[in-house]
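The following paragraphs lead through a structural model, moving from its interior outwards to its loops and then to the second chain. Please keep the sequence and the coordinates at hand while reading.

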Amino acid sequence: MATAEGIVAGRKATLGDNYLTHTRGFLSWALTLDHKRIGIMYLVSILFAFLLGGLAALAVRTELIAPGPTIMGPDAYNKMFTLHGAAMVFLFIIPGIPAAIGNFVLPLMLGAKDVAFPRLNLTSYWLWVIGALCAIGAVVFGGVDTGWTFYTPYSTTTNTNVIATTMGAFILGFSSIFTGLNFIVTIHKLRPTGMTWFKMPLFLWSLYGTALIQVLATPVLGITLLLLIAERALGVGIFDPALGGDPVLYQHFFWFYSHPAVYIMILPAMGVISEVISVHSRKHIFGYKFVALSSIAIAAFGFLVWGHHMFTSGQSGMANAIFSALTFSVAIPSAIKVWNWLATLYKGNIQLNTPMLYGLMFLITFTIGGLTGLHLGALAIDVHVHDTYFVVAHFHYVMFGGAVVAFLAALHHWWPKMTGRMYDERLGRIGAALVFIGFNGTFFTQFVMGSHGMPRRYFDYTPQFTIYHQISTIMSYVMAAGFFLTAYYLIHSLFRGKRAPMNPWGGNSLEWHTPSPPPHDNFAETPSAEDPYDYSRIRRDPATGGYVSTSYEGAR
Amino acid sequence: MSDPAHAPHLQHHFETPQQQFDAGKLGIWLFLATEILLFGGLFCAYAIYRANHPEIFVYAHQFLNKYWGGTNTVILLCSSLTMAWAVRAAQLGERRLLIVLLSLTLLGAMGFLGIKYVEYKEKWEHGLLWGARYAPHVEGHGAEEPPLTKAPPPPAPAAAAPPGGFVVERSAIRPAAPGPEGTVIAAEEQEEHLEAAGIHRRPANVQIFFSIYFLMTGLHGIHVLIGMGAIVWILVRSIRGDFGPQYFTPVDFVGLYWHLVDLIWIFLFPLLYLIH
């Protein structure tokens, strides 16, 4: 165990100043150009969004515990699931791993002092805040009931706050574009000597793929939302059949972004898993090049499959067949990753730390999510389960079982580096178990009721579905308990946690070769890179409870 | 090159001015890519509607004044030239020339927007607006069509003018279901009647063209405004004497942005004004 008792501190951890103590005061945070502080600000903000979206989800689940109205009426229910979806997708998952974790870790992994454009990075954070306030404000002052997809013609005719919400999403899009642009340039131009493309940590490969999608797809969402706003405010008619427009065009535009966007959500998650699985099984990642290039393949394929959201929209049979075939092809790079992770685990010295538990959970839940994606990609089955809870369950297995579980893995993996504190490992494992049981209980039942025909988004249902909804709701409380426990021990660790050593898990990428928390300039001297997955020179250091690298310590 | 450690514009996280310049250059090119994709959505909408309803585009483009459009194209091309020249002047450290050229570029941008204003005003006066606001003043001006730039469809004789001033043509996409009995027969009868008289008809849904026209040129106009803001910013800095052979990055990047704005117009002009 990395967190053996009797830990004093990482040797340099408490000596001298670090990025947290470098300057003080509110403005030193609000106007900081330090990527680490911006990452922390993102982290705190998106966790609030996660809380908001999570509470909305609990309200939705509680409403569905029995047929008929339970705690709210149908309009409030529509607004609740819209709030849940919009907050989780736009405010939490999309910026979750790239903007919060990525901002903190990416320059450290590169041995750089900062991202390429620190001011753009800060702009991007404040744009996120403005966009989030816009979207949340729209919900507080009236609400939106369109779902997170804003499909026309409903979104152009409902009398709820669609414009403010889409404006919020538009601004959030800019925030996302700027982050992606920043990461691409940083990875291209700020790699240290000795780090060729194929010596980069895999998390950087996945962030690179993600950033490509952010830069190439998000502008299309931008113009789509602008058109929707123009449609509502001015009556432009591009999506209005009464004026010669085409409502299905909206769906094409929307999914051209929003399908790649699901890869914005899952690709960085895959990068996290590559790091976590390798470090915590003390074994070199298996098939490095395949894992790296499959990230780029997923980013590329992601642009070609948007039509699979529209199998029942009246699109031609030929288009359906092509989109279906392309959808199946996305499974190939995803499966390449899963097999390589499994091969990495094989005969590894597996440490069941909290991050690793989340990493293993990802392998299970993401695989279920991925395989049910093939059900939905198959035309005949999709027509049957279209717009049922089967889709909801699949989506949550990928988004929650994939992206959020990986976010939790990342949070626990880099928490000691970010805060300089260790959390309670025992509570961490209990929390992971609660999340695992609660998550599967909540959403596996939804596969069952979906395949029995329970439509998604419905406020009410026939009594035959009651038992499934009840299991789902009760298990969602279990999951919530897991999250509150996690919040408790993480916050507790900030005040009472043991000091974290420089390298608590024995990783070899560059962020583990600087103190926890890192100094303002990240590294005392610019480090040179070696193979990030070579653990042969990493040794346990009983004095700190962490690990040291003989090659680096020898050099100093 | 001076000692990189003492270069005044070098930010702390870059090692050399060259690295900083290269990073900025890659950044601005990526940004331009996002701009192209932003417009890409509108070009897509244009392509789809033009492919589905070519008759709307052929009919409606006559209401655009191609001489104004052509003048604007020339103005933007010239302003691109002065902008590129300005970048050169900045690199050579010729401050006076830089100021003159940037001012000329700014003047070109103003001229462009001025002409755009005249064109928009004309459309506004004749009700040739987007979607729901489309209300051509055909009835208001008797049988007159709005002013045209080339020989329009001959004006319909008063006797043949259909009630309400509209004759509906079937678009390339067939309607899903027949309308109420009486109206369908009436429309078909009118159509036959007009065709026999050799009269060109106004296609249905002309407003879609004007929606696309205003969205595309409007978004482009906003980009011109942003470009003017950026040019004013580097103009102020060049008056202050910030630029020289050692440091001309902002001029270079604003120049690239301005060329993109120009380039988008180069595509908009033939697509909207020169249709056959």
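In this predicted model, a useful place to begin is A:Ile184, which, once residues up to four places away in sequence are set aside, touches A:Tyr208, A:Ala211, A:Leu212 and A:Val215 of chain A as well as B:Leu30 of chain B. A:Ile184 also belongs to the largest nonpolar core, a set of 231 residues, where it is listed with A:Ala269, A:Ile273, A:Ala406, A:Ala409 and B:Phe210 as the members that touch the most others. The element that gives the most to this core is helix H3 of chain A, spanning residues 74-110, with a contribution of 23 residues.

Helix H3 of chain A can then be followed to its contact with H4(A), where the two axes come within 11 Å and cross at roughly 170 degrees. Because an angle over 145 degrees counts as roughly antiparallel, H3(A) is roughly antiparallel to H4(A). On the H3(A) side the contact is made by A:Lys79, A:Leu83, A:Ala86, A:Phe90, A:Leu91, A:Pro95 and A:Asn103, and on the H4(A) side by A:Asn121, A:Trp128, A:Ala132, A:Ala135 and A:Val139. Sorted by character, the residues of this contact divide into nine nonpolar, two polar and one charged.

The loops of chain A hold several backbone features that deserve a careful look. In the loop between helix H4 (118-140) and helix H5 (154-157) lies A:Pro153, and the peptide bond that leads into this proline from A:Thr152 is cis, with omega near 0 degrees. A cis peptide bond also runs from A:Ser516 to A:Pro517, here with omega near -15 degrees, and A:Pro517 is placed in the loop between strand E2 (498-499) and strand E3 (538-541).

Positive phi values in residues other than glycine are found at A:Arg282, where phi is near 50 degrees, and at A:Lys347, where phi is near 60 degrees. A:Arg282 sits in the loop between helix H8 (247-280) and helix H9 (288-301), while A:Lys347 is in the loop between helix H10 (317-345) and helix H11 (354-377). As for their surroundings, A:Arg282 has 16 other C-beta atoms within 10 Å and is therefore partly exposed, whereas A:Lys347 counts as exposed because it has 9 C-beta neighbours inside 10 Å.

From here the path leads to the partner chain. Chain B has seven helices and zero strands, so that, by the DSSP assignment of helices and strands, its pattern along the sequence reads α-α-α-α-α-α-α. Of its 276 residues, 31% count as buried, and among the contacts in chain B between residues at least 6 apart in sequence, 77% join residues at least 24 apart.

How many residues does each chain bring to the contact between chain A and chain B? Chain A supplies 30 residues and chain B supplies 28 residues. On the side of chain A that touches chain B, helix H6 (162-189), helix H7 (202-234) and H8 each supply at least two residues, and H7(A) gives the most to this side, with nine residues. The residues of this side of chain A divide into 19 nonpolar, seven polar and four charged. The contact of A:Ile184 with B:Leu30, mentioned at the outset, is a link between the chains to which the reader may now return.

Note on methods
Residues are numbered from 1 along each chain as its sequence is written. Chains are lettered from A and ligands numbered from 1 in the order in which they are written. This is a predicted model: local features need pLDDT of at least 70, side-chain atom pairs count only at pLDDT 80 or more; totals for chains, interfaces and linings use all residues. A nonpolar core is a set of buried Ala, Val, Leu, Ile, Met, Phe, Trp, Tyr and Cys residues joined through C-beta atoms within 7 Å. A residue is buried if 20 or more other C-beta atoms lie within 10 Å of its own, exposed if 12 or fewer, and partly exposed in between; C-beta atoms are placed from the backbone. Helices (H or I, at least four residues) and strands (E, at least two) are DSSP runs, numbered from the N terminus. Two residues are in contact if their C-beta atoms, placed from the backbone, lie within 7 Å. Ala, Val, Leu, Ile, Met, Phe, Trp, Tyr, Cys and Pro count as nonpolar, Asp, Glu, Lys and Arg as charged, and the others, Gly among them, as polar. Axes are lines fitted to C-alpha atoms, for helices over the stretch in contact, and angles run from 0 to 180 degrees between N-to-C directions. Angles under 35 degrees count as roughly parallel, over 145 as roughly antiparallel, 65 to 115 as roughly perpendicular and the rest as oblique.
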